[in-house]
Amino acid sequence: MLVVGLTGGIGAGKSTVARLFAARGVEVLDADEVAHRLLEPGQPALKAVIRAFGSGILGADGTLDRAALRRRVFADPKARKRLEGIVHPLVYAELARLVLGSEGSYCVLSIPLLLETGRRRFVDRLLVVDCPETLQIERVVRRSGLRPEEVRAIMAAQVSRSERLAAADDVIVNASDTASLEAEVDALHKRYSALAAA
């Protein structure tokens with residue numbers, strides 16, 4: 001089983017690329033979705049986060065107030081490290097379990113913070129989705145309503161674009177139209193299928 005790690009800066013288009021691989025029958029496992037499941041009420045991860053940050057990070061219905069937690073951890077690097085120390089090991093353990101059950105010739109793991117967590121060796125190949133930083137900011141502001149300075153703060157907490165590109169085995173440039181993106185995904189799908197079969 002060839003395991004491809006899909007990553008990129010916020011707003012680069014990882015989700016779009018993941019959907020295009022999935023549309024070609026590739027199993028795509030999403031670290032953010034795994035983290036969401038692990039942080040649902042009653043889950044050990046949520047209990048550990050409440051112990052670390054207090055019940056003020058919960059909404060009135062007892063679910064995690066993700067916006068409140070995000071504001072807190074991006075304002076305090078130590079708090080962010082504490083949160084990552086709780087959640088990341090559990091996410092990687094669950095992804096490893098899911099990969100074992102995967103049945104295709106290769107699978108894609110969409111992991112936004114793959115490099116930031118020092119887990120490059122968790123995957124066989126690293127695929128980076130890239131676009132100019134101005135386009136990243138514009139996309140995130142449009143989809144999330146965050147202010148540009150909030151997006152820049154998130155970007156500053158991620159590895160730099162140059163570091164990401166230097167670590168990549170493969171790069172998809174997502175700065176054009178959907179047809180160009182589809183062609184890039186098609187080419188990589190063929191390549192990964194051939195590598196997996198070799």
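## A tour from Val49 outwards

Begin by selecting Val49 in this predicted model: leaving aside neighbours within four places in sequence, Val49 is in contact with Leu39, Gly54, Ile57, Leu69, Leu83, Ile86 and Val87. Apart from the core around this residue lies another core, of 20 residues, which includes Leu2, Cys131, Leu135 and Ile172.

Next, widen the selection to the largest nonpolar core, which has 34 residues and in which Val49, Phe53, Leu69, Val87, Val91 and Leu109 have the most contacts. Colouring by secondary structure is helpful here, since at least two residues of this core are supplied by each of H2, H3, H4, H5, strand S3 (106–110) and strand S4 (125–130). The greatest contribution to this core comes from H5, with eight residues. As a general background, nonpolar side chains in soluble globular proteins tend to be buried together.

Now isolate helix H3, residues 44–53, where Ala45, Leu46, Ala48, Val49 and Phe53 are buried. Because these residues cover an arc of only 160° around the axis, they are on the same side of H3. Turn to the other side of H3 and select Pro44 and Arg51, which are exposed. To see what the buried residues of H3 pack against, display helix H2 (31–38), helix H4 (66–75) and helix H5 (77–100). Then move to Gly54, which comes just after H3 and takes a positive phi of about 90°; this glycine is also one of the contacts of Val49.

From there, follow H5 to Glu94, a residue placed in that helix. Is Glu94 buried or exposed? With a relative accessibility of 18%, Glu94 counts as buried, because the cut-off for that class is under 20% relative accessible area. Show its surroundings as well: not counting residues up to four places away in sequence, Glu94 touches Val34 and Arg37.

For the last stop, leave the interior and select Leu165, Val171 and Val173, which form a nonpolar patch on the surface and together have about 200 Å² of accessible area. Within this patch, Leu165 belongs to helix H8, which spans residues 161–167. Leu165 has a relative accessible area of 31% and is therefore classed as partly exposed, a class that lies between the limits of under 20% for buried and over 50% for exposed. The value of 31% for Leu165 is also consistent with its place in the patch, because patch members need over 30% relative accessible area.

Definitions and conventions. Residues are numbered from 1 along each chain as its sequence is written. This is a predicted model: local features need pLDDT of at least 70, side-chain atom pairs count only at pLDDT 80 or more; totals for chains, interfaces and linings use all residues. Side-chain values use heavy atoms; hydrogens and water are left out. Patches are made of residues with over 30% relative accessible area and no salt bridge: like charges are joined within 9 Å, nonpolar side chains (Val, Leu, Ile, Met, Phe, Trp, Tyr) within 5 Å. Accessible areas come from the Shrake-Rupley method with a 1.4 Å probe; for residues, only the protein chains shown count as cover. A salt bridge is a side-chain nitrogen of Lys or Arg within 4 Å of a carboxyl oxygen of Asp or Glu. Helices (H or I, at least four residues) and strands (E, at least two) are DSSP runs, numbered from the N terminus. Buried means under 20% relative accessible area, exposed over 50%, partly exposed in between (1.4 Å probe, protein chains only). The arc is that of the directions from the helix axis to the C-beta atoms. Contact means heavy atoms within 4.5 Å. A nonpolar core is a set of buried Ala, Val, Leu, Ile, Met, Phe, Trp, Tyr and Cys residues joined through side-chain atoms within 4.5 Å.
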